[in-house]
Number of protein chains: 2
Amino acid sequence: MAVRVRIEDVAEAAGVSMKTVSRVLNREPNVREDTRVRVQAAVDALNYKPHPSARSLAGHKSYLVALLYDNPSPNYLMEVIAGVLDACETQQYNMMMCPLDFGSPTFMNAVESMIAHSQPDGLILTPPITDAPALLKRLDELELAYASISPRKQKQCMGVAIDETRAAFDMMQHLVSLGHRRIGHIKGHPEHGASDWRLQGYRDGLQKAGIPFDPDLVVDGEFSFESGVRGAEKLLQLRERPTAIFAANDDMAAGVIGVALRLGLRVPEDVSVCGFDNTPMSLQIYPPLTTVHQPSRDMGRIAALELLTAIRKRDAGKMLQIPYTLKLRQSTGPLG
Amino acid sequence: MAVRVRIEDVAEAAGVSMKTVSRVLNREPNVREDTRVRVQAAVDALNYKPHPSARSLAGHKSYLVALLYDNPSPNYLMEVIAGVLDACETQQYNMMMCPLDFGSPTFMNAVESMIAHSQPDGLILTPPITDAPALLKRLDELELAYASISPRKQKQCMGVAIDETRAAFDMMQHLVSLGHRRIGHIKGHPEHGASDWRLQGYRDGLQKAGIPFDPDLVVDGEFSFESGVRGAEKLLQLRERPTAIFAANDDMAAGVIGVALRLGLRVPEDVSVCGFDNTPMSLQIYPPLTTVHQPSRDMGRIAALELLTAIRKRDAGKMLQIPYTLKLRQSTGPLG
DNA sequence: CGTTGAATTGACAGCGTTGTCATCTTCGCT
DNA sequence: AGCGAAGATGACAACGCTGTCAATTCAACG
């Protein structure tokens with residue numbers, strides 16, 4: 001392994017001091033344009049990379065953001081991760097993964113210990129960890145910046161979200177436009193804000209169409225395939241069967257389709273089914289699932305970008321809302 | 001945020017020098033037992049955590065392992081990640097994620113740049129990156145330790161694998177035992193060793209059952225759902241249709257089931273379908289998929305453990321083989 | 001052309017740990 | 001007791017970078 005190129009070598013090559021190279025590298029102000037160019041050229045020529053530990057030690061920063069998660073969906077997480085890594089790369093930051101057990105009594109201990117050990121400069125929170133009051137309080141105490149993805153209380157923090165209520169409402173409009181009036185809903189995990197928002201969109205959709213809300217048509221779920229199966233078993237065996245079922249996510253919708261097929265029902269001729277999230281699986285089941293595309297990768301990227309900017313500028317950052325897309329596929333249709 | 005406890009504080013509390021504390025922390029030899037106990041007590045009392053960057057800077061180690069991947073399966077990756085994180089935690093190591101584009105002409109540049117920037121103490125390679133000759137050669141040059149998960153050439157490196165050929169063979173035995181004689185196979189991505197091993201198991205199974213190999217019954221695939229769809233379309237439209245299809249992974253098997261249903265075939269009454277990997281999806285489609293459980297999380301953990309041990313002891317490490325399990329479910333059965 | 005304040009640059013001391021090497025103990029043996 | 005070797009401990013200089021603050025250059029103005 002070749003000897004490491006140090007900032008000193010770059011400084012010499014560019015004919016400036018180490019400190020000036022440091023300034024260029026960290027995009028600090030008060031460097032003349034021609035100096036900046038000259039230094040950058042030397043950096044490129046020598047293919048210099050600052051030593052992360054040295055930077056961190058001297059600069060009292062870790063150049064680390066921690067991604068906290070307790071989310072059963074690998075698809076969702078890998079998308080978020082890809083987005084966060086994207087953003088980190090551009091800013092010479094690193095990401096560390098922090099799998100956590102949200103419900104556990106040792107949750108806060110695990111977080112404290114992670115923070116003490118790794119000293120991240122900021123955190124990215126994913127649902128449902130976005131909504132742990134004890135955590136948020138502690139982070140404020142520590143003055144540790146964090147960005148939340150789809151948190152419940154969006155007024156109060158920086159991060160990114162989509163308008164889930166409106167997306168669910170749009171989905172309902174779609175079902176109504178196909179002629180459905182008896183529409184069932186399987187709720188998501190009660191700890192996730194998404195469950196409430198999607199339910200709200202469902203109710204808004206009913207109201208807009210002048211359909212009275214029927215509590216029998218709304219059943220509990222928890223975002224898992226199995227809970228979708230259970231929900232579908234309840235809904236599809238009602239005396240007066242719904243003609244469409246809006247599951248609060250794709251995994252549950254897949255469960256619904258499985259049950260429907262098992263009961264000898266055709267999808268969508270006998271019952272329309274739709275989900276939410278646009279997971280890869282939604283295209284891999286038969287029939288392909290009508291769903292809402294949630295741009296998770298972009299959300300990861302944007303959350304990380306917001307966070308890094310906030311860290312650098314030491315400001316508060318804002319909550320961004322980005323667009324979703326309805327994916328109308330073959331699992332919904334008029335009654336056949 | 002409280003002031004950081006430093007090694008100096010611990011040294012003072014224990015009445016020894018910083019260096020001695022350092023020795024205790026790093027389990028170095030030549031410390032008297034009573035000193036070790038006293039120092040450890042001080043460490044615990046002060047809840048001291050060494051500063052990772054300082055350690056890294058002074059010790060010329062990064063305490064980082066890099067996980068290299070270019071694998072389209074989020075499930076697989078998240079499992080491996082969970083295992084690797086498990087192992088790292090016990091050894092005060094960190095993991096960094098390195099998404100890579102295996103086919104790209106800039107592949108090696110990306111790796112070089114990652115290594116130069118992050119200076120990991122070791123790498124964990126996942127398929128198909130396990131089989132990039134240029135990479136392996138370079139790592140040897142750099143004397144950088146790496147552990148491979150399911151690499152092609154298992155004699156020559158440290159890591160972990162399952163006996164995929166035998167697992168595929170077992171699956172064939174299962175199909176044969178159900179009475180199938182016309183069994184199709186959809187191959188995996190040609191860059192993955194798994195594709196070859198699973199095909200070999202398929203052929204071994206045929207041979208064992210005395211069934212001649214029919215090239216028409218083996219079609220190309222690339223581990224994606226869509227390629228499974230294409231493969232199934234070819235196989236299920238042969239004049240003489242196979243009664244069972246063994247897809248080289250679950251995603252493709254899901255594609256096969258989708259096509260079968262679309263063609264009005266019943267699974268498993270008209271055609272049995274099985275896959276490989278035991279992804280969560282294999283339980284979420286209808287009917288539930290017969291498959292091989294690959295213990296990815298354990299494989300991640302074991303690979304990381306081997307790697308960390310090798311780094312510490314500066315030795316070569318070995319290739320471990322761990323057991324798989326057949327999951328017999330409803331997508332396979334006798335002809336109905 | 002000198003003066004002044006702002007913009008730019010540099011010298012140098014840390015940051016918190018470990019490696020090196022010197023020193024001090026301890027122990028076994030004569 | 002005296003000696004040598006091995007074991008235990010400590011002093012101190014790195015590690016490669018950034019923060020601080022002083023020094024220098026520059027631009028604008030009277």
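**Exercise 1.** In this predicted model, find which helices of chain A and chain B each supply at least two residues of the surface near DNA strand C.

*Solution.* Start with chain A, where the helices are α2 (18-25) and α4 (52-59). Then turn to chain B, which brings α2 (18-25) and α4. Next, look for the largest share: α4(B) gives it, with four residues. Finally, sort the surface by class, and you get 10 nonpolar, nine polar and seven charged residues.

**Exercise 2.** Work out which parts of DNA strand C the protein comes within 4 Å of, and through which atoms.

*Solution.* First, list the neighbours: 26 residues surround the strand, and the closest are A:Thr35, B:Ile7, B:Ser22, B:Tyr48 and B:Ala58. Of the strand atoms that come within 4 Å of the protein, sugar and phosphate account for 65%. Now zoom in on single contacts. The side chain of A:Thr35 places an N or O atom 2.6 Å from a phosphate oxygen. B:Ile7 uses a backbone N or O atom, again 2.6 Å from a phosphate oxygen. For a base contact, go to B:Lys19, where a polar side-chain atom lies 2.9 Å from a base nitrogen.

**Exercise 3.** Describe the interface of chain B and chain A by its area, its polar pairs and its residues.

*Solution.* Begin with the area: about 3,600 Å² is buried, and carbon and sulfur atoms give 66% of it. Count salt bridges next, and the result is zero. The rule for polar contacts finds two residue pairs. On the side of chain B, α5(B) brings the largest share, six residues. By class, that side has 23 nonpolar, 11 polar and four charged residues.

Notes: Residues are numbered from 1 along each chain as its sequence is written. Chains are lettered from A and ligands numbered from 1 in the order in which they are written. This is a predicted model: local features need pLDDT of at least 70, side-chain atom pairs count only at pLDDT 80 or more; totals for chains, interfaces and linings use all residues. Side-chain values use heavy atoms; hydrogens and water are left out. Buried area is the accessible area (1.4 Å probe) that two parts lose on being put together, summed over both. A salt bridge is a side-chain nitrogen of Lys or Arg within 4 Å of a carboxyl oxygen of Asp or Glu. A polar contact is a pair of N or O atoms within 3.5 Å; within protein, one must be able to donate a hydrogen and the other to accept it, and residues adjacent in sequence count only if both atoms are side-chain atoms. Ala, Val, Leu, Ile, Met, Phe, Trp, Tyr, Cys and Pro count as nonpolar, Asp, Glu, Lys and Arg as charged, and the others, Gly among them, as polar. A residue is near a molecule or strand if one of its heavy atoms lies within 4 Å of it.
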